[in-house]
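Here is my note on the model, set out as numbered points for someone reading a structure of this kind in their first year. Please keep the sequence and the 3D view open while going through the points.

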Amino acid sequence: MRPPKRPIQAVTTWVRRQPPKVKAFLAVVAGMTALVLLRFIVHDHDNLFVAAEAVHSIGISVLIYKLMKEKTCAGLSLKTQELTAMFLAVRLYCSFVMEYDIHTVLDLATLATTLWVIYTIRFKLKSSYMEDKDNFALYYVAAPCAVLALLIHPSTSHNLLNRILWAFCVYLEAVSVLPQLRVMQNTKIVEPFTAHYVFALGVARFLSCAHWVLQVLDTRGHLLVALGYGLWPSMVLISEIVQTFILADFCYYYVKSVFGGQLVLRLPSGVV
């Protein structure tokens, strides 16, 4: 006689058997439910943005722990770290010249740790770097973001160059994790620390997206007007939603793996 399945296992088994359209619908319902809960639990929605940056910093800290303890960078994408440093550096510059606040301090700390990770992978642990698996061309990401920033950027009173740079970092952040997903797609097996890091990115992106969506709802759309006119306000929201959904599939398998007691995450074909 087979032992009864635990509730979590029963739910994940049922979800896995559903067709893609049903899975997409369930993901939307789950996201909307989480937004409703956050709206009532978190009174100051600006805290969500701070929490998103704090969770990102925690993810970087997990990476640093992995590099220092295990002395290997296998499974990590150097290109994702370089893209992260790029958009953080641009955002830090824009923050200094446009809106110096707590986010500037958090970005500075995250940039410093990201640069340390890049240095460690490039020089100290170069022998364990999986360069053949980290084969996502950076110009496939950076070039379209630059072109899009030239075409669609804020319409505020700031200097034009600063507005274009701000748009560039928004677009680049949305897709900066793609090289890391490519590495995981190529290896199919994700060790615990890398999985924790990518999951932290997913949580950070969701909190950031929730911040913008809830702000728009609370201001009844006035926030979009404050961001400027044209396509820029919509592109901000689209960028936040895109970067959340890029990691949604991985986060599902991560949670499933954790509840299943698996230390190593094995990804099915075509997940990322």
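1. A definition comes first: helices and strands are DSSP runs, of at least four residues for a helix and at least two for a strand, and they are numbered from the N terminus. Please also bear in mind throughout that this is a predicted model.

2. On the overall fold, the secondary structure of the protein comes to 11 helices and two strands. Reading along the sequence, one meets these elements in the pattern α-α-α-α-α-α-α-α-β-α-α-α-β.

3. On packing, the protein has 272 residues, and buried residues make up 46% of them. Among contacts with a separation of 6 or more, 78% are between residues that stand 24 or more positions apart. The surface that the protein exposes amounts to about 14500 Å², and carbon and sulfur atoms supply 68% of that area.

4. On internal space, the structure holds one cavity of 30 Å³ or more. The space in the largest cavity is about 130 Å³. A total of 14 residues line the largest cavity, and the closest to its centre are A52, E53, H56, R91 and E173. Which helices each supply at least two residues of this lining? They are α3 (46-70), α4 (78-98), α5 (102-124) and α9 (192-218). Sorted by class, the lining has five nonpolar, four polar and five charged residues.

5. Helix α9 deserves a closer look, and two of its residues can be traced in the 3D view. L214 lies in helix α9, and L214 counts as buried because its relative accessibility is 1%, while the cut-off for buried is under 20%. L214 and L48 are 166 residues apart along the chain, yet their C-alpha atoms are separated by 9.7 Å. H211 also lies in helix α9, and with a relative accessible area of 7% H211 is buried too. Its C-alpha atom is 9.5 Å from that of V50, although H211 and V50 are 161 residues apart in sequence.

6. Helix α8 covers residues 178-187, and within this helix P179, Q180, L181, V183 and M184 are buried. Just after α8 comes K188, which takes a positive phi of about 70 degrees.

7. A second lysine with a positive phi should be checked in the loop between α3 and α4, which is the place of K71. Phi of K71 is near 55 degrees, a positive value in a residue other than glycine. This is worth pointing out because most residues other than glycine have a negative phi. Is K71 buried or exposed? K71 counts as exposed, because its relative accessibility is 58% and the cut-off for exposed is over 50%.

8. The last point concerns the cysteines. How many disulfides does the count come to, if a pair of cysteine sulfur atoms must lie within 2.5 Å? The count comes to zero disulfides. C169 is in no disulfide, and the nearest cysteine sulfur, which belongs to C94, is 5.4 Å away. As a reminder, a disulfide is a covalent bond between the sulfur atoms of two cysteines. C169 counts as buried, at 1% relative accessibility. C145 is likewise buried, with a relative accessible area of 7%.

How values were computed: Residues numbered from 1 in each chain as written. Predicted model: local features only at pLDDT ≥ 70, side-chain atom pairs only at ≥ 80, totals over all residues. Heavy atoms only, no water. Disulfide = S-S within 2.5 Å. Buried < 20%, exposed > 50% of the residue type's maximum accessible area, 1.4 Å probe, protein only. 1 Å grid on protein atoms, 1.4 Å probe; cavity = no way out; pocket = protein on both sides within 12 Å on 5 of 7 lines; lining within 4 Å. Points joined across faces, edges and corners; volume = space filled by probe spheres on them. Nonpolar A, V, L, I, M, F, W, Y, C, P; charged D, E, K, R; others polar. Contact = heavy atoms within 4.5 Å. Areas by Shrake-Rupley, 256 points an atom, 1.4 Å probe, with all protein chains shown as cover.
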